[in-house]
Amino acid sequence: MYTLHCLLPIFFISFIICDTDVTNKHHDTKEIFEIFRDVSKKCPDITHLYNLTSKSVEGRSLGVIVISKYPTEHKLLIPEFKYVGNMHGNEVTGRELLLQLMEYLCEEYNKGDKTVSWLIDNTRIHLMPSMNPDGWERANKFKKAGHYDWTTGRANSHNVDLNRGFPKVDNIVFSHEQGKNNHISYNLPSDAEPEVKAMVKWITQNPFVLSANLHNGDLVANYPYDLARNGKVQHEYTACPDDTNFQYLAMSYSKNHADMSNPNRELCQGGDTFPDGITNGADWYSVSGGMQDFNYLASNCFEITLELGCDKFPPAEALKKSWEDNQNALVAYMLQSHIGVKGIVEDGEGNPILDATIHVKGINHDITTTADGEYWRLLVDGDYTITASKEGYDDESKQITVNNAGLKEAQRVDFTLTESNDIPQNLKLESNEELSDLKKKILELYQQRMSNNILN
Ligand SMILES: *[C@@H]1O[C@H](CO)[C@@H](O)[C@H](O)[C@H]1NC(C)=O
Ligand SMILES: [Zn+2]
């Protein structure tokens, strides 16, 4: 790692200069951006750097590196993936893992590793090491002063827990249980936290397909819903319509992690046992206003929450082991962006249809199409009936079989919708023209009749 620095003349104290191995230390905000720049220097063709449009309370940038064959912009039918670290500022494993991951992806791509190259050629990966840089600075200072507790640095600088600060879309869904279960309209208050505002915009304005939010405090992959349906209890399995798909996604992480799904692992202090290393969020403990359920209910993105270790701020020496434990899981999970089906919905003239709905029979959670008519529908292996629909067009349904085995893109299933023959609710312009032609003809006939009458 970081051989670049080591090329400096030998009379520099080389062990200090070379000691930039990202697995060996905790990195502050400035160092994160340095690593971004180093990685993009080493892999200029597959990287792109950007910051979210608003900053943290204390003015720190929420930085992202994109790693993809198409780094600078979305490419038709290429799924967008994201990892978000350090939302709780004192939970730091994810932050360091993502720095390690960007290094790793860049190096393996340059070496031609088959899986990593395929992933980068077919996916747009966004890595955000820290969603709460202010909290991290506080936690780090506290830790350096030799203190330890469970919460210092967890919240942002307004003392708001960011994983409770998202629009409470679950409540809307639970109160209209038979109604719409996707793209819920929500109210983002003007005094919402700047970090939340930035994330909401990011989540809803990009066609993300899959995501994970990286925490510490236990060792488990947690999936929606996070909020218990019964508002009066703290623990209640609350399945979302994609329960089967989410269990599979969570297991794709836990089973590829060195220890997460191991039934004999040492439990965290006061921690629970989690069969297969996964848990329904609300079954573990109910969370309102979380980011995971917001992704699922307000956008097309499926997000899980990863708890990456008992110790929230482990010593730097433990980070190398963390990387080794998580490396396969981090890659395996990104590959899940390619399960199920994807495709384009267009009209009879080949124009993409925006906001068409993709419905899977038996799953009450629809995906919608982008401005280019694209959709991605994550699904586990099985037989499905998929229906594309859009107001003003006839629905189209297809029977498909999903088989996700192997390193491959999601099966392509396109739809061509024809304009519906039902009597439209509003007559269209062309019909109005036809109507006025008809009116003119009737008037002519009438006038002929009248003049005939007069002559008679
Ligand atoms: C993002 O913010 C950091 C820190 O403020 C800055 O150094 C960097 O240049 C910014 N990156 C971009 C792409 O604007
Ligand atoms: Zn957390």
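## D355 and its loop

D355 is partly exposed, because its relative accessible area is 43% and the cut-offs are under 20% for buried, over 50% for exposed and anything in between for partly exposed (1.4 Å probe, protein chains only). D355 sits in the loop that runs from β9 (341-347) to β10 (357-360); helices here are DSSP runs of H or I with at least four residues, strands are runs of E with at least two, and the numbering starts at the N terminus. The backbone deserves a look too: phi of D355 is near 65 degrees, a positive value in a residue other than glycine.

A word on the model itself: it is predicted, so local features need pLDDT of at least 70 and side-chain atom pairs count only at pLDDT 80 or more, while totals for chains, interfaces and linings use all residues. Residues are numbered from 1 along each chain as its sequence is written, chains are lettered from A and ligands numbered from 1 in the order in which they are written, and side-chain values use heavy atoms, with hydrogens and water left out.

## Other backbone features

For background, most residues other than glycine have a negative phi, and most peptide bonds are trans. N159 has a phi near 60 degrees, a positive value in a residue that is not glycine. N159 belongs to the loop between α6 (133-144) and α7 (169-175), and its relative accessible area of 64% is why N159 counts as exposed.

If you are checking omega values, stop at P224: the peptide bond from there to Y225 is cis, with omega near -5 degrees. Y225 is part of the loop linking β6 (218-223) and α9 (243-254).

## The chain as a whole

The chain has 456 residues, and 51% of them count as buried. Its secondary structure is made up of 13 helices and 16 strands. Contacts (heavy atoms within 4.5 Å) reach far along the sequence: of those between residues at least 6 apart, 76% join residues at least 24 apart.

The exposed surface of the chain is about 21400 Å², with 51% of it supplied by carbon and sulfur atoms. Accessible areas such as this come from the Shrake-Rupley method with a 1.4 Å probe, and for residues only the protein chains shown count as cover.

## The zinc site

The zinc ion (ligand 2) has as its protein donors H88 (ND1), E91 (OE), E91 (OE) and H215 (ND1), at distances of 2.0 to 2.6 Å. Donors are N, O and S atoms within 2.8 Å of the metal (3.2 Å for Na, K and Ca), and since water is not among the atoms, sites may look incomplete. Along the chain, the donors follow the spacing H-x2-E-x123-H. The arrangement of the 4 donor atoms is irregular because the angles they subtend run from 55 to 148 degrees. For comparison, tetrahedral needs all four-donor angles between 85 and 135 degrees; square planar (four donors) and octahedral (six) need opposite donors over 155 degrees apart and all others between 65 and 115; anything else is irregular.

H88 and E91 are both buried, and H215, in strand β5 (residues 208-215), is buried as well, with a relative accessible area of 2%. The side chains of H215 and E91 share a polar contact of 3.0 Å. A polar contact is a pair of N or O atoms within 3.5 Å; within protein, one must be able to donate a hydrogen and the other to accept it, and residues adjacent in sequence count only if both atoms are side-chain atoms. Leaving out neighbours within four places in sequence, the contacts of H215 include M87, N163, T305 and E307.

## Around ligand 1

The shell of ligand 1 consists of F33, R37, L49, Y50, N51 and S61, taking residues with a heavy atom within 4 Å. The protein covers 49% of the 360 Å² of accessible area that ligand 1 has on its own. At least two shell residues come from each of α3 (29-42) and β1 (47-51), and β1 gives the largest share, 3 residues.

Two side chains place polar atoms by ligand 1: one in N51 lies 2.4 Å from an oxygen atom of the ligand, and an N or O atom of S61 is 3.0 Å from a ligand oxygen.

## Two more loop residues

A410, in the loop between β14 (396-402) and β15 (411-412), is buried at 9% relative accessible area. Beyond four places in sequence, A410 touches H338, I339, G340, V341 and K342.

G362 lies in the loop between β10 and β11 (363-368) and counts as exposed, at 76% relative accessibility. G362 and Y384 are 22 residues apart in sequence, with 8.8 Å from C-alpha to C-alpha.
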